[in-house]
Every structure is written in C-alpha cells, then in structure tokens.
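Colleague: Do you have a moment to go through the sheets of this model with me? I would love to hear how you read them.

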Amino acid sequence: MRECKMTEKELICVICPNGCELKALIEEGSQTVVRKISGALCEKGPAWAEQELINPMRTIASSIIVDGGDYPLVSVRTDAAIPLKSISNVMKAIKSIKVKAPVKVGDVLIREPAGTSCNIIATRHVNEVFDDSGI
Amino acid sequence: MMKKCDVIIIGAGVVGNAIARELSRYEVSIAVLEKELDVAMGASSRNSGVLHSGIHYKPGTLRARLSVQGNAMMKDLCSDLKIKIEYIGKLTVAQDEDGIETLHSLKEQGEANNVPGLEILDQEQMQQIQPGVGGIKALYSPSTGIICPYGLSIALAENAAANGVEFYLGHGVTNISKNSREFVVNTAQGEEFEAPVLINSAGLFSDRVCEMLGIDEYRIYPCRGEYLVLDKRLKGTLSTLVYPAPRKGGAGLGIHLTNTVDGNILIGPSSEYVDEPDDFASTSEIMTQLKKEGHELLPELSTTDFIRSFSGLRAKQNPPEVGGYKDFIIESRDDFPGFINLVGIESPGLTSAPAIGLMAKEMVGRFVDLKDKDRFVSERPGSVGFFHELPEEKKADLVAKNPDYGEVICRCEQITKKEILDAIQNPLRNSTINGIKYRSRAMMGRCQGGFCLPRIVEILKQEFGYKPEDYLLQSKGSPLFSGRVR
Amino acid sequence: MQNIKHDLVVIGGGPAGLAAAISARRNGCRDVLLIERAKTYGGILNQCIHDGFGLHRFGETLTGPEYAQLYIDEFKAQRLEAMLGTIVLSMDSGRNLYVSSRNGFKKIEAGAVILSMGCRERTAGAISLPGTRPAGIYTAGAAQNFINLQNIMVGKQAVIMGSGDIGLIMARRMTLEGAKVESVFEILPYASGLPRNIQQCLNDYDIPLHLSTSVINLHGKERLTGVTVAEVNEGLMPVPGTERYVPCDTLLLSVGLIPENELSRGANVVMESRTGGAQVDDTLMTSLPGVFSCGNVLHVHDLVDHVSEEAELAGRFAVEYLDGGIQPRESYIQIEPGEGVRYVLPQKVSGARDFTLSLRVAAPSRNQSVWVKDSEKKLARKKMLRLHPAEMVRIKVKANKLGSAKRLCVSVK
C-alpha cells in the first residue's frame, strides 16, 4: 500500500505583475505530485506553480574574488536557472575560486559548478590595475 | 611604563583641554589621561553649543563669574584656534505678567554679574530681531553666542598638544594613590603616571575619580538631555536664539531651538535623570515630544527635516528629588595637597571653560613653578570654517593648488577629500570613524554617511592600508565590520 | 575660474542620466555633457549585483551591472561627452552650475538641464529610531556597497527593518555569504517588496517576515547587541506587552528612499511634497524653463526599466526645448490624486500631446480600476487585477479625449 498525504499550498504567481494568488493541491509521497492548481488567470501560472512546487529553479548572483583588478570582486551570476537545492553547493564553488583581472562581462568563470548544467558568468568588467593596494 | 610629569589631568573634555592648553603656556610637563579614544566624547560634544551670557546665575557664584569671564575670552580664543563663533544674541521671552517679572529679575541679576548690553524689548523690538517670534516681552542678551562644542574641545587639545602637552587617549584611570610627594595614577593599559599635581576634570565621572582618592563627599547624578538635529534646509530661519522664560526649579532651560554654527537647528534638550554616566540613548517618548514642540516653535518644519537624534548628560550634583542647580566645585584640596578637583561642571561649563583654565592655572601655580615658555604658539594652523563656505573664486584657487579640494566625498555637507585627509591625519592621532566625523563634518548631513562612509572606508583602505578589522566607530569594542566577504 | 557653455547638461550618470543623454543625442542634440560624481558610470546599479533588471525593456532578466553596461556601451558608441568624478555643487534658476572635480572648479552655463541625481536611503535618524548609537547599523544600500563592491562583510547576525526590495535582496545576500539573518520586520500590515523577492529572498532561506511589527529600541553601547521589536496597532504605535528582544550584531534599514533634490531646491524648483520630487508637466519640465527631471530624483521607481523610459522622454523633450519647440504655458490642465491614490505625475499637462500618468496607490487591493476623470467625465480607465503601493501604475491618456478639461482627477474604484 502506498502512503500519501494531500496538502494545500498557497503561492503568489511571479510571472507577471497580476500576481495571481494560486492554490495548489499536492500529494506528498515518495514523489511530490501536483493534483490541482486553481486561481490562475493564464496558462503560464499553473506551469510555473508546478515547477515551483516540484523543483523550484533559481538564478543566483554573487561575487568572485579578483586579483589585480580595479574592483576586489567581480560580480557573477548563473547563466541559467538552477535547482534551488543546488544553490549551497554552487556557492561553495563560487567561494572557492579566485580569478585574475581583466575580466569582461559574460566571461565564463566556472563551468557547470556542482554538477549543474549552468555556467557562472561575470556580470561586470574588472580592469587590470598594476598597483594593487590590498584586499 | 612609568611616566613622570608635573601635572596629570584626568579627562579630555572641554574643561580638561582648556586647562591643559592654559598650562601649556608654561614650562611644565603635562599628561592628559582620557578613557575614550578621542577627546570630548562625553558632555563636551553633546550639548547645545551655546555661549551663555551669564544672566541665569546667582551673583557671586563661580557659574556667574566664570561664564561672564569665559564668554568674554571666547572671541580671541576662537580666532586663535580657528573656530567658528557667532554672537547671535538671545531673546528670553515672556508669555505673561509672571514671565515679565522673571525677565526683570534676570536683567537685574545679569547686570550684577556684569553681563553687557541687556535690554528688555517690547513686541515691536522683538520682531525686528526675530520676525514672527511669539511672546509679549523679551530680555535681549547680545553677548549670547553659538560655537561648535566638539570643535572647540578638539582645537583646545590640538593646540595644547602642539605646545607639548601629551594626550594619552584610551587610557582609562583604574587607580590613584598618593605617596609623600606625588600622585600615582594607573591606567587600564597597565601604565603608571606620577606627578605632584593631579587635576580631576573627569566630568560625568568626576565623582568616581574622587572616590579613588578616598574623597566620598561628591556624587554625580547624570541628567539626560535629548536633542533632534534638523536638516540645513531650514538654515536662516532663526537669526537669534529664543528661549522661554525659565520655570522655577527646572533642571534645564526648557526645550528650545538652537541654531548651530554649521547651519543645522537643534530641538531640545529634554531633562530626565538616568542611572549611568554614559547612557546616551534616545527615547521614543521624548523624540515624539520634541517633534511636537518643534512643530509649534517652527511652523516651516516638515517631517522629513529630522536627520538625527542625540543625547547628552548633565553632571548634576543634586539628586532628582532635589533638582535644580548647585554651583561648580573647583577646589584645591587641603587634605590632598596638589589635587585640584573639578566636580559638577554642567552648564555653563562650555562657556566657562577658558576661565576655568585660568582659575586652575592659579591653583597649579601654588604647587609647581610656572615659568613662561619661550615659544608658546597660541594659534592653531589652518583657517576658520569649511571649504564649502568659501566664495566660489577662492574655491577655484584652492582646487587648482590641491586637487584633493576638488574631490567632494561627503555630498550632503560638501566635504572635500582634502578635509577628510586632514581629519584622518589629525594631530591627536585619533583613528576612529567618529573622529573623522567630528573633525570634518563628513557623515553629519542628511544621508548620515549612507553615501560617504563607503567612500571614507575606501580612502582608509587605499591610502592608509586599513583592513576590515581596523575600522572602529568610536571605541575599541565598536568594530564596523566582521571581516572580508572573500 | 574656467567658464564653459553646453547646450544640454545631464546631472547624474546612473540609469536615468545615461538614458537621458543617449536619447538627447538620438534626438539630434550635438552638445550634451553628462556630469557624474563617481569615477564610473552606472550609479547604484553597480552594487545591485542581483538579477531582475530589464525584463520589460530587453525581455531578459539582467543584473544591475549588466543593465548599466548596455547603456554605458551605447553612451560610448554615441561618443557622448562626460565629466566623471565631478560634482555639481550648486545650480541657479538661470541654469548656471558650479562644478568641482580634481581637474578644477568650473562654472557651466547650460542651455537646458536634465536632473537625474537619483535618491538616497532613509536613515535611522530620519525615522527617529530610539536607543543607543553603536556600530552595526547600516542602511541596506550602504551594506550592499561594502559587501558587493568592497569585499567587506558588515556583520554576522542581522535583523532587517523594513521589507523594501533592497532589504529583501540583502537578506538573501547576507545569508549566502554565511551570516545569520534573524528576521525581517515590517511596520505595515503588508510587505513593500515584490512577491517574487519575498519568495526568493526570504522563503527560500527560511527567513521569517513579521508584518505589523517594528524595531522599537536598539541595544549596545559599542557594537549593536540586539534590538527590541514590538507589534504595532493600526496607528503604527507599539502594542504594550508584545515587546521581545532579538539578539543581533547588525541592523540593516530598508525603510524608504528619498529623492535627492538639494540641487533642485537650491535653484528654487517648485517641489511636490507627495513625491519628494519636482513638479513637472507632460514634457517632464519643472517649474524652471529648460530644467527637466527624471528617474528616482523625480519620484522613486520600483523598476529601472521605467526609469530608463522616463529618462528617454526627458532627453527628447529637452532637445525640443533647445530647438524652441516647448515654451512654458500660461495655463495647464492640473492633475490631482483622488481616492485611493497616493501620488500622480505629471502634476500638470499642456493638453497638446498624449501622455502617460505614473501613479502609486495608497493601499493594496484586487480587481479595481484606475480612473482618469474630468469631474464626472471618464477619460481613461485601466483595469487592475492587483494594485499595490510598491508597484507603480502607468496609464495612457489621449490628448483628443481632453476636450476643455481644466482639472483631471485620478482615482481607484
């Protein structure tokens, strides 16, 4: 016999400014199954909600330390959404490396960190300076 | 380390610094011990910045004599020290017949104290001085002035230091003893100082210094006054100070508006006894009250004009149930020859400071020989005021000579990089963020450092090699940051 | 002192200033000078390293530095002139500016001026926060600068006051960098940040958001040791008995933004108390002929996309003014906020052209309409499934609908 539990969850859709208040009926067992989603005004809402409930995806932004640049850090982001649950491992990868200036917007600084299918790309130019004054 | 000198001064507030500066005219070695990392961290920086005329004090008291004398000395002193001072005068306003009676007795008292130029004005004359002022009659005291209180304290210390006085900042006194000839003072840093003359100018902590010597007849009851600081948008709204006629038995002069020499207006101070001599908190009850009174006193005031609150503490000698004022204690103790004790120097302590310096010098002269120094430098280098207060042509000249004047770091107060660098490289070698703030005025404007603190942090990093753990707000226990991100 | 002349001076090189300058060039102005305080372009976007910018304009979600870079590249491609590291110290009503930089102190006479100086954060002093004044109290934006631009961590255990987007973003940022964020406290009964940020910055990391709750006292004489919070009643006053102590070494304030209009006030530009910005007409011209205002210095926006759009309009109209196409009028149609509307701008329109109103509602609601009316005559309507004070509403009005209107009222019903 399969053990399962039906629960209702509320979400505010973030797809557009309408911000529909969605209600989802989910069955939580060995796998989460979304049974019903109500309250959406368009078809994008339920699709988003199902993804959000089963495997929420996020893009994250952070910084990587730079040697010899006009900024001590280069800001970075994932170039595609990654599962929410991989964020902490991706952050570990981001924290563990150091790059050398110059860096250009869009440069790939880490490929497929923590087994994800995204890359970590630079989101700002960091120019090379020859008088590095510390940090 | 043991350090021998002629005079030890405990407390680098305005009084201690004025005494130090006065004594620095003579061939004596002086050590000033201060528990904080900067001078003027207690009552000396936390007040209205008013130079009182001397009408409020009973004739024959030290408060009467020293405030009138100090007020008269201040003009030359400020010109030597490059400190802004404005004798903007004061209207003490009566709302009713009782009030008028109070004005007349204040005038009489002031005249007995030799306060110059006192006049009772009618409504028409009052309006000429301050258009829109309420009340039916007023006592006008033209010698009332305004000054930057921490500016004066810092300048006195810097000038004293330039004349050989040694300032030991961050040296809280932990123990005092007296051997046959000398006082021995220990500090929290484990250092020992010895001198035949010991001066207690510890302000809110002066009773504790007395206790260390076994003198237990004094106790300080800190009485807090809260203030609100208004945006410079309202600069120029007041041309003179306006105070209500005092109530009997009050601990302060009542809530009023005070313009500062830098263009802000202060609302306050309140009056409330607290337990701790360093309880500088602000309270929501009093801030609400100050705002309400502020709106009544200044109809142009908008809710977005409040930029900061602060509070100061009055070193009261009377407990709260007694209230009111006691005269300053300034004594050369017979039981401890060489101990010059100053207790309860509350208002008008700022005004009186230069005169207290003279009085203390006379007392010191009975114990050590005060021989004139050949090279006493009375003037502090630099010029009065800030870059942004100069005429445009003069600004252009300065920027052409030194590009650091061209770079404005604090946008609200328009403080330049040159002024920030000067503040960082101050003669007393204070290296805290508040030290930079009090010296340069950066971070004192409407954004309260939101924009310029990051830039100042950057300057300290790039030009002085600061690491994240080196930044202190005010004291050793007040680090700004917890470390690096990466 | 050097005295120079320019047709158009744009004050501020953030998103508004960049877009305004580019638009002015595209509309034919050959002599544009942009003046920026910092040594780099992009303004506050440089420290906004999170994503979520540009969805409306570019159809993709960019980080702040990337969004800024698109405009910086275009600014440079257009060979526009700029003075970086230069501050405008004052402006008079005749469009004379005094500017200062390491290169000198100069006077600039401008044919037209676009004000695009942005805004600043409300501080602990501005909201009269009670308690002591220890280290560890930062506005969220200042903390963001230290963490994202200077590699400096502001603290280890934080409380965030206010649920504005910057505060929410910083809650996530601090958490990802190893700090513990205890809670976010919002004095209002609803969050002021976007729902997306509540989910992705707080819920994802189990950071609690407490509504109708405020910080009422600060503790610690040297470094912050904790805050007292309390629930508030409908009048936003603390409810006795609900106080509790939350230990923390850092307090980040995200309690609102104030347009930075000291230059405008110095030039006697007529201001609007509801927005904190200048009063403008449908060309974004202020009460001073030839002086235009756009971006966060005009009113605080929630989306940078709208800032860019507004700035482009300002750039276009400034060029029209320089070409003699815009003159101040003797009379305008006044526009006023009515029921349910906190502010609306422009505050007056000529009636000569179509225009877009920008407004904020006073309270959250659902299934309402925003109406533009000339007394009882309905001129425009926008149906809204969701209205929120944190989200600006824009509504187009056609000039040919105006008729002989003297006064328009914008309301929610």
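Colleague: At about what angle to β2(B) does helix α1 of chain B run?

Modeller: Happy to help, and keep in mind that this is a predicted model. Helix α1 of chain B spans residues 14–23 and lies across several strands of that chain, including β3, β10 and β14. Strand β2 is also among those it crosses, and relative to β2(B) the helix runs at about 160°.

Colleague: Nice. Which strands stand at the edges of the six-stranded open sheet in chain B?

Modeller: The order of that sheet is β10-β3-β2-β14-β22-β21, with mixed pairing, and its twist averages 15° from one strand to the next. Each edge strand has a single partner, so one side of it is left without a neighbour in the sheet. Those strands are β10 (166–169) and β21 (329–332) of chain B.

Colleague: Within that sheet, which residue of β3(B) stands opposite B:Ile10?

Modeller: Strands β2 (residues 7–10) and β3 (residues 30–34) of chain B run parallel and are joined by four bridges. Opposite B:Ile10, in β3(B), stands B:Leu33.

Colleague: And in chain C, what is the bridge partner of C:Leu357 in β27(C)?

Modeller: Here the open sheet has three strands in the order β22-β24-β27, with antiparallel pairing. Strand β24 (residues 355–361) of chain C pairs with β27(C) over five bridges. In β27(C), the partner of C:Leu357 is C:Ile395.

Colleague: Last one: what does the twist of that three-stranded sheet average from one strand to the next?

Modeller: The sheet has the order β22-β24-β27 in chain C. At its edges are β22 (341–345) and β27 (393–397), each with a single partner strand. From one strand to the next, the twist averages 25°.

Notes: Residues numbered from 1 in each chain as written. Chains lettered and ligands numbered in written order. Predicted model: local features only at pLDDT ≥ 70, side-chain atom pairs only at ≥ 80, totals over all residues. Heavy atoms only, no water. Pairing = 2+ DSSP bridges. Helix = DSSP H or I, 4+ residues; strand = E, 2+ residues; numbered from the N terminus. Axes fitted to C-alpha atoms, helices over the stretch in contact; angles between N-to-C directions. Contact = heavy atoms within 4.5 Å.
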